[in-house]
Every structure is written in C-alpha cells, then in structure tokens.
Amino acid sequence: MKKEILYLSLCPLSLSVSASNGTPNIVIFIGDDCRYQDLGCYGSPDAITPNIDRLASEGIRFDNFFQATAMSSPTRQCLMTGLYPLRSGAYPNHAMSKPSTRSIVHYLTKLGYHVALQGKRHINPESVFPFDYIGPWKNVDPKLIEGFLKKRSEDKSPFCLFVCSNDPHYPWTRGDRSMFNPDSLTLPKFIVDTPETRDGYVGYLAEINQLDKDLGAVDALIQKYGFSENTLFVFTSEHGFTFPFAKWTCYGQGLHTGFIARWPGKIKPGSVSSALCEYVDVVPTLIDIAGGEIPSALDGKSFRSVLEGKTDNHKSYVYGIQTSRGIVYGGEHYAVRTVFDGRYRYILNLSHEEPFQCIQMQEKDSIWYSWCDKAAFDSFAKKQVMRYVYRPEEELYDTGNDPYEINNLAYNEDYTEIKKHLKSMLMKWMKSQGDKGLLTEMEALEHMVPNNLEKYLKTKNKVILPCKD
C-alpha cells in the first residue's frame, strides 16, 4: 500500500558557494545494513525511495560497486582509510584500526577541508578518525547538520561531511510500517518465505524509507545554503541486510553495495556504470578530486575518470574477507575469503569443518526459527537453512546466470579452469595483505574494542543450529 511521497526541495538562499581553492565540497551519505537491491533505482518493486532515486537520476549509479567485508565497523573504516581490513587492522566486527593508520580526515584536512561526521560512528580509535564530530552518536539529525552548513556558508571553507545513518539496521523500529503490505511484498528468491520473514521485511523497508527521507532533508539543506552546484554528493547503501546470505558473509548479497554520485557539471545526469569498484577506492578518489597527491601505500585507486564518464573500466577483480570470530553469537572462528571478476564469484571457506553461526541464529530470533521450522517439511527451506550453516570448502557461482548465488559450481569439472584461475588470484591477494588465513582469524580478538569483545564472549554458542544430515 504505497503512499505518494513528495521530494524534499528548498530554493537556495544564494548562488553556489565555491570552495576556496576551486575544488568541490563533498557529502558522503551512508546507509546501514541496506541491501542495494532494496532501493527503487536498483529495481526494488516495493521500496519507497524517491530521494535516492532522484539522486541517481541527477548523477551516476554504479551497478558493480563492492566492499571488502559485510560488517559495519570494518566496512566504514575501509571506506574512510582506503585500506583493506587486514592492512588497517580493522577486520573483525567492532574493530580498531592500527594507531599508525591515516584516514580521509588527515588527507583532506591537509588540503584545506573542514572534515566532519554526523550520525553513527563505529570507527576506532579517534586518533585515526579525528573528525569534527557533530553532536553525539545518534540517528541522522538535519538540525545539527544545518548548523554545520550555515557556518560553512559564512566562513566559505571547503568541507567534507560524512552523514552516517543507523537505518535500516536491525531492530527495525523507525519509519512508517503502514506504507507496506507484507502479503504483497516480492521477496528475494534466496529468502525463505514465512510470515515472520514478511513481517521483518516490512520493518526493514520502513526504515529504508526513513533513510530516504533523511537523505532528502540533508540534500534540501545543501540546496538551501547554496552548495548544490559545487558539491559532490555520494550515497552508499553499505553492505547487505540482516537476513541470511547477506551480512556476515562473502556472498554478493552482502558485499555488493549501492553507490550513487552527483556532481553538477562533472557527472552526466542519469549515467549508469558497470565498472568494478570497491570501498578502498573512495579515499584515493576523493584525494584526487580535492587536488591532492594519492599516497602509494593505499590499497585503492581513483575512479574519478569513471565518475566523469571518460571510461567505464576500473578493476578486473574485487576481493572480500569475513572474520566471524568476534561477532555476537558467533562461533570460535569462521574465516571466509572471496574474489569476484564481474561474473564469477569464488569463495574459500577456511573453517568449512565448523557450522557457521551469527546473531541471526540466536534463540529469540523468530525469523531464523521460522526458517528452521519450515525446513522440516519444505525442500527449499531445508536447502537454504543447511547451506547457510554447513558450507563446503569451495564455492563458485556464475552470477550472470545465478545472480543469487544458489547453485555451487565449484565441484563441476566444466568450471575447473575458472576456479583454478580465481583461486590463484585470491591467494596472491591474501599474500599481499599478509593474510595468514585461520591464524589471522584467531588473532581477531586483539583488534576489537574491549567492551564489544566482552559481549561476544558472553553470547557464544547460544544459537539454534539444524542437525547436519
């Protein structure tokens, strides 16, 4: 039962405010646990996201943008440092980067930018991320952001503003649930259809709509204070949602992110790119745009030429890592690595002898329980429950024919050469990162924020696992 939503728009008070050195202002708006396909501009039949969709129509939509891990804390630290999780040290969840790590704050401040953050943080330590923090850790607050923008319009200093939402992170308590009818939703094909799943999806979509409203409010303020014409405005959905096969995994539903950018006069409105890009590429791109010299130590590379429509090629491979040691309700270890070439995804499960565990499987989670209950009489539900928990050593998916990565081709002789090649690329990447596999997994707790480590130790093994056949 969709309701009509009006775009948020305000007339500017003045002409565009230019950065003092001629470079653009930058706004990075980040969602939280939002599967990119649950946005209207990425094809969702149910989402109500008029502001995000409008942003895509005014700029460029990336269809092959990825991140290196599907957990919020390491994902955000990767986005802000230009380093893969192992290089920064922030590879378990609730992680801390190594004290010697430099972030976008250091790079852009040196170039004359005022670098600020409002909303969710989930980044540590503060010495690595010395943002001008606008207010406490909370949801997006347009009033706080307006105060920041008003000051920038007065002092004319260039700025980089990170707006970090907490939506649609579970539990889904914000937004208007009445906008969605659970019975008419089109669930992703890899999801087990139960009443509990549908009810959860309603709450999830309601928070995505709230996310969209907040983005619209921030964009209206950019217009109000005359920054629109000289601002690079980026929206990224972060990693996949809190349903199985997305967050806490190395499947595409977890690592694939929505990424949209608008830059008037530089980005052609309504553009779509298929270039393979990653979160580690964002910092070097911003440094490039700001007129700085990109440090050779960064893992990423600038995709400015893709933004400006000069090319639609960027990388041949993107990589991913999952460190489950340390996640709440996780097991002792579950290490996963992956490489993706734009069509084929190869996954190496280093802990394949163990069952996979995470917070979705906790005893009080009605959605996971409903999946397990349905698995007793439904073949698809049983297949999905079992393959989520008990995984083979290797997985290979042809995403061109199997976009939801359901049919594992790793042991099909017809794909032996593809698997061999991708595995060799993955091994080279792991070596370049200093990745020691299971040993690295076991060292994860040394990189966690202490109070979150305590939560993990208290909740281990309190989960519902199906019996292995």
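Me: What makes a residue count as buried in this predicted model?

Reply: Buried means under 20% relative accessible area. In helix α1, that label goes to Pro50, Asn51, Ile52, Arg54, Leu55 and Ala56.

Me: OK, and what do the buried residues of α1 pack against?

Reply: Their partners are β2 (60-66), α6, β6 (231-236) and β7 (256-262).

Me: Let's stay with α6. Why are α1 and α6 called oblique to each other?

Reply: Look at the angle: the axes of α1 (residues 50-58) and α6 (residues 195-224) cross at roughly 55° and come within 7 Å. Under 35 degrees would be roughly parallel, and 65 to 115 roughly perpendicular. The crossing angle fits neither range, so the pair is oblique.

Me: Which residues make that contact?

Reply: From α1 you have Pro50, Asn51, Ile52 and Arg54. From α6 come Leu211, Asp212, Lys213, Leu215, Gly216 and Asp219. Sorted by class, that's four nonpolar, two polar and four charged residues.

Me: Switching to empty space: how many cavities of 30 Å³ or more does a search of the whole structure find?

Reply: One. The largest cavity holds about 60 Å³ of space.

Me: What makes up the lining of the largest cavity, by class?

Reply: Nine nonpolar residues, one polar and no charged ones. The lining includes Ile28, Leu232, Phe259, Thr285 and Leu307. Thr isn't on the nonpolar or charged list, so Thr285 counts as polar.

Me: Which element gives the largest share of that lining?

Reply: That's α8, with three residues. The elements giving two or more are β6, β7 and α8 (282-289).

Definitions and conventions:
Residues numbered from 1 in each chain as written. Predicted model: local features only at pLDDT ≥ 70, side-chain atom pairs only at ≥ 80, totals over all residues. Heavy atoms only, no water. Axes fitted to C-alpha atoms, helices over the stretch in contact; angles between N-to-C directions. Helix = DSSP H or I, 4+ residues; strand = E, 2+ residues; numbered from the N terminus. Parallel < 35°, antiparallel > 145°, perpendicular 65-115°, else oblique. Contact = heavy atoms within 4.5 Å. Buried < 20%, exposed > 50% of the residue type's maximum accessible area, 1.4 Å probe, protein only. 1 Å grid on protein atoms, 1.4 Å probe; cavity = no way out; pocket = protein on both sides within 12 Å on 5 of 7 lines; lining within 4 Å. Points joined across faces, edges and corners; volume = space filled by probe spheres on them.
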